[in-house]
Amino acid sequence: MATNTQFSKETYLYWYELMQLIRQFELKAEEKYKMAGKIRGFFHAYVGQEAIAAGCMTATRPEDPFITACRDHGLGMAKGITPNEAMAELYGKSTGCAKGKGGSMHFFSKEHHFFGGHGIVGGQIGVGAGLAFAEQYRGTDNVVLCFFGDGAARQGVLHETFNLAMLWNLPVVFICENNHYAMGTSIERTSNVLDIYKLADGFEMPGDSVDGMNPETVHEAVSRAVKRAREKGGPTLLEIKTYRYKGHSISDPGKYRTKEELEEYKSKDPILLTLHTIKEKGIATDEEIAAIDKRIEDVVEAAVKFAEESPFPDASEVLKDVYADPNYEFIVD
């Protein structure tokens, strides 16, 4: 249910610029993966889902921890990882946000309270509750946003985590980014429960379904859930319905969906919808929008240059950052 919040000019322009940054970064990275062979391994693009990152950022504070799954580039940059650090990480360079050791699926920034980037399906759900327990234990009023996909909603860890999160009244918002196909199989073929937010009912947890193609609706829903958690009202499950315009990963041709369906969702593109609102409200001129677009283009091109000129990690780095204890005794041949 919308709260009819009146958003400022600055908010709309922030949303537009952030979503454009994510979109153009992902498209450029895909180009470097496919055409130039500069990026290897797995690659999961956030194209189409940008409104979630945008709305969540304006509904939270910088110190609120985020944790997510393999599709992490957009949320990582939203939280403060620079495009330079992000692109360098994709290139496997030492200047990346995980020193070139994480790659696409394992972005990380303690400084910006971004705790991954997790490749194990659903693995971050339990860790997200652990982060919330830590905030509660330390006596902060920070709230954790724990993101996962519709495929991860089938994992057993979700139910165990929901049970303890409610039992301990943890300050966490569980966000299912439902892009409908998990790795490539529709929810209708994998679950009798098609409305994922209803899974919260089994734990007497508040739950809601949210339009994920609009940063306004995302902001409003996340704001309500975050407010509840800050006021010690416990967890919330938000099923934010979105759509990825690309395949699950770079190698996925997406043949399990029709071209007509894809085009229908492209007509709901969150960037175009936000741009329409900006123009309708007279928030910015065409020249001002063009200036933003040019700035984003320059930033992304600079990120590629930074990544290509950065060094690969030295071989001496291979055993570092594995354990917190720097003196841990590895068994090495």
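Start on helix α5 and select Tyr137 and Arg138: both are exposed, on the side of α5 away from its buried residues. Keep in mind as you click around that this is a predicted model.

Now colour the rest of that helix. α5 runs over residues 123-138, and with 16 residues at 1.5 Å a residue it should span 22 Å; its end C-alpha atoms sit 24 Å apart, so the two agree. Next, select Gln124, Ile125, Gly128, Ala129, Leu131, Ala132 and Glu135, the buried residues of α5. Look down the axis and you'll see why they go together: they cover an arc of only 155°, which puts them on the same side of α5. The background is simple: an α-helix has 3.6 residues a turn, so residues three or four places apart point the same way.

What do the buried residues of α5 pack against? Show β1 (66-67), β2 (144-149), α6 (156-167) and β3 (172-178), and you have their partners. Before leaving, step just past the end of the helix to Gly139, which follows α5 and has a positive phi, near 80°.

Back up along the chain into the loop between α4 (83-90) and α5, and pick Gly117. Turn on the backbone here, as the peptide bond from Gly116 to Gly117 is cis, with omega near 20°. The loop between α4 and α5 also holds Lys99. Lys99 has a positive phi of about 60° although it isn't a glycine. Is Lys99 buried or partly exposed? Its relative accessible area is 38%, so Lys99 counts as partly exposed.

There's another lysine to visit. Jump to Lys232, in the loop between α7 (215-230) and β5 (236-241). Lys232 isn't a glycine either, yet its phi is positive, about 65°. With a relative accessible area of 66%, Lys232 is exposed.

Time to go inside. Select Leu75, which belongs to helix α3 (residues 73-79). Its relative accessible area is 0%, so Leu75 is buried. Which residues does Leu75 touch, if you skip those up to four places away in sequence? Show Tyr46, Ala53, Phe66, Thr68, Phe114, Phe147 and Glu177 as sticks. For a sense of scale, draw a distance from Leu75 to Asn163: they are 88 residues apart in sequence, and their C-alpha atoms are 26 Å apart in space.

Then try Ala88 in helix α4. Ala88 is buried as well, with a relative accessible area of 0%. Leaving out neighbours within four places in sequence, Ala88 is in contact with Lys93, Thr95, Gly96, Phe306 and Ala307. One more distance to draw: Ala88 and Gly48 are 40 residues apart along the chain, and 23 Å separates their C-alpha atoms.

Last stop, the largest pocket. Rolling a probe the size of a water molecule over the atoms shows where empty space is left. The largest pocket holds about 520 Å³ of space. To find it, select Cys70, Val121, Ala182, Met183 and His248, the closest to its centre of the 29 residues that line it. What is the lining of the largest pocket made of, by class? Colour by residue type and you'll get 11 nonpolar, 14 polar and 4 charged residues.

Note on methods:
Residues are numbered from 1 along each chain as its sequence is written. This is a predicted model: local features need pLDDT of at least 70, side-chain atom pairs count only at pLDDT 80 or more; totals for chains, interfaces and linings use all residues. Side-chain values use heavy atoms; hydrogens and water are left out. On a 1 Å grid over the protein atoms alone, a cavity is a set of points where a 1.4 Å probe fits but cannot get out, and a pocket is an open set with protein on both sides within 12 Å along at least five of seven lines; lining residues have an atom within 4 Å of a point. Grid points are joined across faces, edges and corners, and a volume is the space filled by probe spheres set on the points. Ala, Val, Leu, Ile, Met, Phe, Trp, Tyr, Cys and Pro count as nonpolar, Asp, Glu, Lys and Arg as charged, and the others, Gly among them, as polar. Helices (H or I, at least four residues) and strands (E, at least two) are DSSP runs, numbered from the N terminus. The expected span of a helix is 1.5 Å times one less than its number of residues. Buried means under 20% relative accessible area, exposed over 50%, partly exposed in between (1.4 Å probe, protein chains only). The arc is that of the directions from the helix axis to the C-beta atoms. Contact means heavy atoms within 4.5 Å.
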